Amino acid sequence: MRLRDCHNFSDFRRMAQQRLPGPIFNYIDGAADDEVTYRRNTESFERCDLVPNVLRGVSEIDMSVTVMGQKLAMPVYCSPTALQRLFHHQGERAVAKASAKFGTMFGVSSLGTVSLEEARKISSSPQVYQFYFHRDRGLNRAMMQRAKAVGVEVMMLTVDSITGGNRERDKRTGFAIPFKLNLAGMLQFALKPGWAINYFTHEGFKLPQLDEHVDMGGGTMSISRYFTEMLDPSMTWDDVAEMVRLWGGPFCLKGVMSVEDAKRAVEIGCSGIVLSNHGGRQLDGSRAAFDQLAEIVDAVGDRIDVIIDGGVQRGTHVLKALSLGAKAVGVGRYYLFPLAAAGQPGVERALEQMRVEIERGMKLMGCSSIEQLSRTNLRFR
Ligand SMILES: Cc1cc2nc3c(=O)[nH]c(=O)nc-3n(C[C@H](O)[C@H](O)[C@H](O)COP(=O)(O)O)c2cc1C
């Protein structure tokens with residue numbers, strides 16, 4: 001399969017599957033428990049119909065949005081994801097460059113494989129730092145100061161990963177960092193020598209956001225131990241309120257789902273919340289963000305920027321979310337499969353397809369700007 005054969009999410013997913021060793025593909029593609037939430041994330045958009053208006057003079061389309069004070073040329077951004085250089089040697093570099101080209105925001109994960117500093121140099125687009133809360137408060141402060149010094153615009157604290165999700169596909173293959181592959185997993189790597197050449201002929205694996213503070217790179221600490229030993233499950237709203245104050249800039253919580261929590265996020269001064277179930281990778285059975293969106297927008301949408309992610313594969317999915325009141329939409333696997341399939345050109349092709357689909361969808365809906373999208377154009381089955 002070649003890049004020019006990829007016309008949608010499923011095509012990129014298939015091409016990524018051809019390139020990646022099974023354990024890595026399944027790490028990206030997999031989710032928690034029975035993967036019910038993962039499946040529902042995309043299905044939830046299918047229960048919503050668009051009702052277009054016609055004859056509205058839509059020759060010029062403006063799809064720009066402003067979210068948490070950041071102006072984005074398109075309403076979709078690349079949500080932070082871990083371990084990108086494992087998927088393709090260009091990793092976060094490709095995602096940062098592609099996001100800059102499309103004038104949109106990108107996230108760098110705490111478990112990112114390129115440093116915040118380097119990503120900042122590559123891209124002038126708004127940069128998000130996805131943060132986990134550590135037991136060591138000094139470490140939290142040091143990491144935030146580092147992000148501030150780098151010029152990161154938005155701090156994004158992930159609050160749905162207080163413990164790791166039960167990813168059974170990873171258990172079956174033995175996927176872990178450092179690798180602990182079982183025999184079947186090793187065989188899968190042997191079957192994809194192209195990936196191995198790409199991986200081993202480039203710089204070694206690192207986790208630069210953590211290496212300075214935690215002994216990860218040397219292989220002494222696994223990611224699962226990092227979650228259980230370093231992160232703080234006793235984190236409370238007071239802790240986060242202090243972080244918001246210390247950061248003093250756009251701060252959002254990723255993984256808020258309830259109205260009660262959304263209201264508390266407003267109270268402690270957050271600028272945004274991302275309704276998210278972590279792509280179905282954490283709490284299986286958790287509601288799809290799109291299903292929960294209207295309730296949250298009605299409760300807090302006039303006081304905080306409400307963003308969603310999960311299951312987005314099409315421009316029309318984005319239009320549905322924006323019509324319900326989301327300010328922007330995050331994507332994960334939507335750009336990760338293209339990254340794995342073809343590096344930067346893959347991510348660019350996927351973002352271009354998204355841009356074109358949004359533009360076409362807006363024209364067909366009779367809307368020339370995002371403000372014109374509204375609930376009057378939606379019906380639910
Ligand atoms: C392979 C992979 C790694 C991820 N790593 C992180 C991470 O390090 N931090 C985080 O907050 N979210 C992480 N996420 C979740 C994404 O930021 C996002 O919430 C999710 O992918 C959205 O669902 P989607 O993949 O269906 O678009 C990850 C998702 C995937 C698929």
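In this short talk I will go through two helix pairs and then the nonpolar core of this structure, which is a predicted model.

Let me start with some general background: two packed helices are described by the angle between their axes and the distance between the axes.

The first pair is helix 1, residues 9–19, and helix 17, residues 333–365, which pack at an angle of about 155 degrees with their axes 9 Å apart. Because angles over 145 degrees count as roughly antiparallel, helix 1 is roughly antiparallel to helix 17. The crossing of these two helices, helix 1 and helix 17, is right-handed. If you look for the residues that meet, you will find F9, F12 and R13 among those in helix 1, and Y334, F337 and R349 among those in helix 17. Sorted by class, the residues of this contact between helix 1 and helix 17 are 11 nonpolar, two polar and four charged.

The second pair is helix 14, residues 259–267, and helix 15, residues 289–300, whose axes come within 10 Å and cross at roughly 35 degrees. This crossing of helix 14 and helix 15 is right-handed. Here V259, A262, K263 and V266 in helix 14 meet E295, I296, A299 and V300 in helix 15, and the contact has six nonpolar, no polar and two charged residues.

Finally, which residues have the most contacts inside the largest nonpolar core? That core has 125 residues, and the ones in question are L83, F87, F251, I273 and L293. Helix 17, which we met in the first pair, gives the most to this core, with 15 residues. As for L293, if we leave aside its neighbours within four places in sequence, it is in contact with L275, V306, I308, A321, L324 and A326.

Key
Residues numbered from 1 in each chain as written. Predicted model: local features only at pLDDT ≥ 70, side-chain atom pairs only at ≥ 80, totals over all residues. Heavy atoms only, no water. Axes fitted to C-alpha atoms, helices over the stretch in contact; angles between N-to-C directions. Helix = DSSP H or I, 4+ residues; strand = E, 2+ residues; numbered from the N terminus. Parallel < 35°, antiparallel > 145°, perpendicular 65-115°, else oblique. Left-handed = near helix turned anticlockwise from the far one by under 90°. Contact = heavy atoms within 4.5 Å. Nonpolar A, V, L, I, M, F, W, Y, C, P; charged D, E, K, R; others polar. Core = buried A, V, L, I, M, F, W, Y, C linked by side-chain atoms within 4.5 Å. Buried < 20%, exposed > 50% of the residue type's maximum accessible area, 1.4 Å probe, protein only.
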